[in-house]
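Here is a report on one protein chain and its annotated sites. Please keep the sequence and the 3D view open while reading.

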Amino acid sequence: MGMTSPAQPAAPAPLHPASPGATPEATPVSEDVPSSHARQSEFGFTVGSRLEGARARTGVIRTPHGEIATPAFIAVGTKATVKAVTPEAVAGFGAQAVLANAYHLYLQPGSDVLDAAGGLGRFMNWSGPTFTDSGGFQVMSLGSGFKKVIDMKTTTPSGSDDAVAPGKERLANVDDDGVWFKSHLNGDTHRFTPEVSMNVQHQIGADIMFAFDELTTLHNSRAYQEESLERTRLWAERCIKEHFRLTDSRADREYQALFGVIQGAQYEDLRRKACRDLAEMPFDGFGIGGALEKENLGTIVGWCADELPEDKPRHLLGISEPDDIFTAIENGADTFDCVSPTRVARNSAFYTPHGRFNLSGQRYRTDFTPLQAGCDCYTCTHYTRAYIHHLHKAKELLSHTLISIHNERFVVRMVDEARAAIETGTFFALKERVMGEYYAGNPDPQGA
Ligand SMILES: [Zn+2]
């Protein structure tokens, strides 16, 4: 895999004493403060090059905390930290932005703490752009007793609208106004509504937020998907209203952009309808969420890209593996997030151009080469497989850090290369070469 220079590391934010922010009600809107609609211009998106014969495009997202060159991989920092990695290292592996989760931060430490700290970026010492996921997915997945990763296969009979993992209690209940759920931490009961989600996300203070939506699974009946989609549409309207109210009442804060979330599971007509409905609302961008089978990911993203306005960015929520990245980009996704690089690192798995390998194998005991020959990451330029294998065997936490840094850099570089290849019209050649090597199924050529 070719090399690209790492993105310019964002300087870590200096530590400031927490300046308690005004509460939403406490700040009067003065006459000379621009309206929330006018303030939308503090966020922007410009399309750059378009790839012939596909929906792929490059662009630049502008936020109060800097720009994001798209397509971009957004590092996942669920609880205001990219697991096991310092913000300096996150900048070092080239991530342009970090995505945290409103559900987790609302429960712990509480969104009021982030508000008092001056927002997510300042709280976690990350000076670049930030996103928050609305919490809808976690409220309905962690909170409902679904399996940890919701089963998105349609192989089981559809039509069961009350899917709960075997042996688990149902912990989330959706009604037209919102969701009751139990905390996965201590079982306390909480309620999320579109308004609560907007208040929580404004307090967390990320540059890009997502509207509160209902997550369905591929098991739900068609009738339920229709009912749920209508609920998500009404919730989107309520999110916008509350978002503008909060933007006006917190006029001293930097503008936070709001993305609408497209649901509709595997149904083309529902996805297209959701796009048309939400495109009429003054969202700053869109998230493509919900039930997606890996095989249909490109098709579904493509339907959405066709329907959504060309001048707004599109974020694909939660993808899994490197081939999904090429599929997502090819079909018009501008940004996407993925927990895999750090998740698999904690199980000692590392990415290479020839596939994913596991460092627990005995053959790495005396392998004094880097995780990936030629990789420019901090880990590969300073450490050997033998050393990290030893850390893993000794259950030393540094192994999580070192493998995470490499895996994140691997994915960031792949997306950087894809972006450059859109500019030069060589995207399909790159995709064929990278995917061909990655899935060739050959043994690790370094570790053989
Ligand atoms: Zn590396």
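Asp-337 sits in strand E14, which covers residues 335–338. This is a predicted model. With a relative accessibility of 8%, Asp-337 is buried, because the cut-off for buried is under 20%. One polar atom of the Asp-337 side chain lies 3.2 Å from the backbone nitrogen of Gly-318. Beyond its sequence neighbours, Asp-337 is in contact with a run of residues from His-315 to Ile-319: His-315, Leu-316, Leu-317, Gly-318 and Ile-319. Its other contacts are Phe-73, Ile-74, Val-76 and Leu-99.

Asp-337 has a partner in the record. An unreviewed UniProt entry lists Asp-133 and Asp-337 under "active site". The two are spread over 205 residues of sequence, yet they cluster in space, with a largest C-alpha distance of 10.3 Å.

Asp-133 belongs to strand E6, residues 130–133. Is Asp-133 buried or exposed? Asp-133 is buried, because its relative accessible area of 14% falls under the 20% limit. Leaving aside neighbours within four places in sequence, Asp-133 is in contact with Leu-99, Ala-100, Asn-101 and Ala-102, among others. Further contacts of Asp-133 include Gln-138, Gln-201, Phe-210 and Leu-317. Leu-99 and Leu-317 appear in the contact lists of both Asp-133 and Asp-337.

**Binding-site annotation**

The unreviewed UniProt entry also carries a "binding site" annotation. According to that record, the annotation covers Asp-133, Ser-134, Gly-135, Gly-136, Phe-137, Asp-213, Gln-263 and Gly-290. Asp-133 therefore carries both annotations in the record.

Gly-136 lies in helix H6, residues 136–141. Its relative accessibility is 0%, and Gly-136 counts as buried. Not counting residues up to four places away, Gly-136 touches Phe-212 and Asp-213.

Asp-213 is placed in the loop between E10 and H8. At 7% relative accessibility, Asp-213 is buried. Outside its sequence neighbours, Asp-213 touches two other positions near the start of the record's list, Ser-134 and Gly-136. It also touches Met-140, Thr-232, Trp-235, Val-261 and Gln-263.

**Glu-214 and its polar partners**

Glu-214 lies in the loop between strand E10 (208–210) and helix H8 (222–249). Its relative accessibility is 2%, and Glu-214 counts as buried. Which side chains make polar contacts with the side chain of Glu-214? Ser-228 is one, at 3.0 Å. Arg-231 is another, at 2.9 Å. Leaving aside residues within four places in sequence, Glu-214 is in contact with Met-140, Val-174, Tyr-224, Ser-228, Arg-231, Thr-232, Trp-235 and Gln-263. Met-140, Thr-232, Trp-235 and Gln-263 are also touched by Asp-213.

The table gathers the accessibility values.

| Residue | Relative accessibility | Class |
|---|---|---|
| Asp-133 | 14% | buried |
| Gly-136 | 0% | buried |
| Asp-213 | 7% | buried |
| Glu-214 | 2% | buried |
| Asp-337 | 8% | buried |
| Ala-69 | 26% | partly exposed |

**Zinc site**

Which residues coordinate the zinc ion? The donors are Cys-375 (SG), Cys-377 (SG), Cys-380 (SG) and His-406 (ND1), at 2.1 to 2.3 Å. Along the chain, these donors follow the spacing C-x1-C-x2-C-x25-H. The site is tetrahedral, with angles of 98 to 121 degrees among the four donor atoms. For four tetrahedral donors, the ideal angle is 109.5 degrees. Cys-375 and Cys-377 are both buried.

**A long-range pair**

Ala-69 is found in strand E3, residues 66–70. It is partly exposed, at 26% relative accessible area. Ala-69 and Arg-419 are 350 residues apart along the chain, but their C-alpha atoms are separated by 8.5 Å. Ala-69 touches Arg-419, and also Gly-59 and Gln-96.

**The chain as a whole**

The chain has 16 helices and 16 strands. Of its 448 residues, 54% count as buried. Among contacts between residues at least 6 apart in sequence, 70% join residues at least 24 apart. The accessible surface comes to about 18100 Å², with 53% of it belonging to carbon and sulfur atoms.

Definitions and conventions: Residues numbered from 1 in each chain as written. Predicted model: local features only at pLDDT ≥ 70, side-chain atom pairs only at ≥ 80, totals over all residues. Heavy atoms only, no water. Helix = DSSP H or I, 4+ residues; strand = E, 2+ residues; numbered from the N terminus. Buried < 20%, exposed > 50% of the residue type's maximum accessible area, 1.4 Å probe, protein only. Contact = heavy atoms within 4.5 Å. Polar contact = N/O pair within 3.5 Å; in protein donor to acceptor, adjacent residues only side chain to side chain. Areas by Shrake-Rupley, 256 points an atom, 1.4 Å probe, with all protein chains shown as cover. Donors = N, O, S within 2.8 Å, 3.2 Å for Na, K, Ca; no water. Tetrahedral: all angles 85-135°; square planar, octahedral: opposite > 155°, others 65-115°.
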